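Trainee: Could we go through this model together? I'd like to hear the reasoning behind each answer.

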Amino acid sequence: MSSKQADTTETPLRVLGVFAHPDDPEFFAGATFAKWAADGADITFVLATSGDKGSSDPAMTHERLAAMREDEERAAAAVLGVNEVVFLRYKDGELYPTLELRRDITRIIRLKKPEIVVTLDPTVYWRGAGGINHPDHRAIGDATLAAVFPTARDRLNFLEHERDEGLETHKVARVYIAGALEPTTSINVTDSVETQIESLRAHKSQIADMDKMAERIRERSLDPNAPAEYPRHIERFRVIHMR
């Protein structure tokens, strides 16, 4: 079995998922989060924005949409078995990998001490002819990777975390990059893909046709290397083992 087809089965103890918008965790890695949670992992989601611009309704406001989407994300995370959702409330569509954002992510890494951090690929600008990647997705991946290494590890970075809050440094063991163009690892999520779909049903403000969404999730996660008589679903990641 090649590295791109490798099946990772071990369950981490603590996981931190860092994404740009409500519904990103569910779309990009929902079945994996559900699998880990069912196996006993302690999972926290961090959402940099509250998705306050994701609406075409002329009567919608930023404030109403942000409140709506935060409620949807909490409901979706609960379906997956996630323990906590943290909203940083940066402006949707205006996210940059600033030192301020890196500081906020570093603080949560030092607070939660995750074994695994899951985030998005900052190098993906487009996917063939199928569309342009959201700039917030690139920004959150960039800031999160910088927070993991070297920032959260090295004490003199954001020393105020120790001075003001008593937070110690933390070295993340592994980073799982979701939505990567060149994944190195696949996770068998056959038993949790329906939980992922159920969690996505909470995002009513974003998904117009729930049945089409479910069909799309099932189709895209089918393992092309599995025998037809024994179909299985997978989610793919580029995994970085920190040394």
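Trainee: Let's start with Arg 89. Is Arg 89 buried or exposed?
Mentor: Keep in mind that this is a predicted model. Arg 89 sits in strand 3, residues 84-90. The cut-off for exposed is over 50% relative accessible area, and Arg 89 comes out at 55%, so Arg 89 is exposed.

Trainee: What is odd about the backbone of Arg 89?
Mentor: Most residues other than glycine have a negative phi. Arg 89 isn't a glycine, yet its phi is positive, at about 60°.

Trainee: Which residues are linked with Arg 89 in a network of salt bridges?
Mentor: One pair in that network is Asp 71 and Arg 74, whose closest N and O atoms are 3.2 Å apart. Those two are 3 residues apart in helix 2 (residues 62-80), which means about one helical turn separates them. Arg 74 is partly exposed, at 37% relative accessible area. Linked with Arg 89 in the network are Glu 70, Asp 71 and Arg 74.

Trainee: Still in helix 2, is Glu 72 buried or exposed?
Mentor: Glu 72 does belong to helix 2. Buried means under 20%, and Glu 72 has a relative accessible area of 9%, so Glu 72 is buried.

Trainee: How many salt bridges are there by this rule?
Mentor: Side chains of opposite charge can pair when their charged atoms come close. The rule asks for a side-chain nitrogen of Lys or Arg within 4 Å of a carboxyl oxygen of Asp or Glu. The count by this rule is 16.

Trainee: Arg 218 and Glu 194 form a salt bridge. How many residues apart in sequence are the parts tied together by this pair?
Mentor: The closest N and O atoms of Arg 218 and Glu 194 are 2.8 Å apart. Arg 218 is in helix 7 (residues 210-220) and Glu 194 is in helix 6 (residues 193-200). Both ends are partly exposed, Arg 218 at 31% and Glu 194 at 41%. The parts that this pair ties together are 24 residues apart in sequence.

Trainee: What about Arg 232 and Asp 223, are they buried or exposed?
Mentor: Their side chains meet in a salt bridge, at 2.7 Å from N to O. As for cover, Arg 232 and Asp 223 are both buried.

Trainee: Which residues gather in the patch of negative charge on the surface?
Mentor: Start with Asp 211, which lies in helix 7. Asp 211 has 57% relative accessibility, so it counts as exposed. The residues in the patch are Asp 209, Asp 211, Glu 215 and Glu 219.

Trainee: And which residues make the nonpolar surface patch?
Mentor: Try the loop between strand 4 and helix 4, where Trp 126 is found. Trp 126 is exposed, at 56%. The patch covers about 420 Å², and its makers are Tyr 125, Trp 126 and Ile 132.

Trainee: Asn 133 is in that loop too. Which residue's backbone oxygen lies 2.8 Å from a polar atom of the Asn 133 side chain?
Mentor: Asn 133 is buried, with a relative accessible area of 11%. The backbone oxygen lying 2.8 Å from a polar atom of its side chain belongs to Val 124.

Trainee: Last one: where is the cis peptide bond?
Mentor: Most peptide bonds are trans. Here omega is about 5°. Look in helix 4, which holds Pro 150; the cis bond joins Phe 149 and Pro 150.

How values were computed:
Residues numbered from 1 in each chain as written. Predicted model: local features only at pLDDT ≥ 70, side-chain atom pairs only at ≥ 80, totals over all residues. Heavy atoms only, no water. Helix = DSSP H or I, 4+ residues; strand = E, 2+ residues; numbered from the N terminus. Buried < 20%, exposed > 50% of the residue type's maximum accessible area, 1.4 Å probe, protein only. Patch = residues over 30% accessible without salt bridge, like charges linked within 9 Å, V, L, I, M, F, W, Y side chains within 5 Å. Areas by Shrake-Rupley, 256 points an atom, 1.4 Å probe, with all protein chains shown as cover. Lys, Arg positive; Asp, Glu negative; His and termini not counted. Charge placed at Lys NZ, Arg CZ, Asp CG, Glu CD. Polar contact = N/O pair within 3.5 Å; in protein donor to acceptor, adjacent residues only side chain to side chain.
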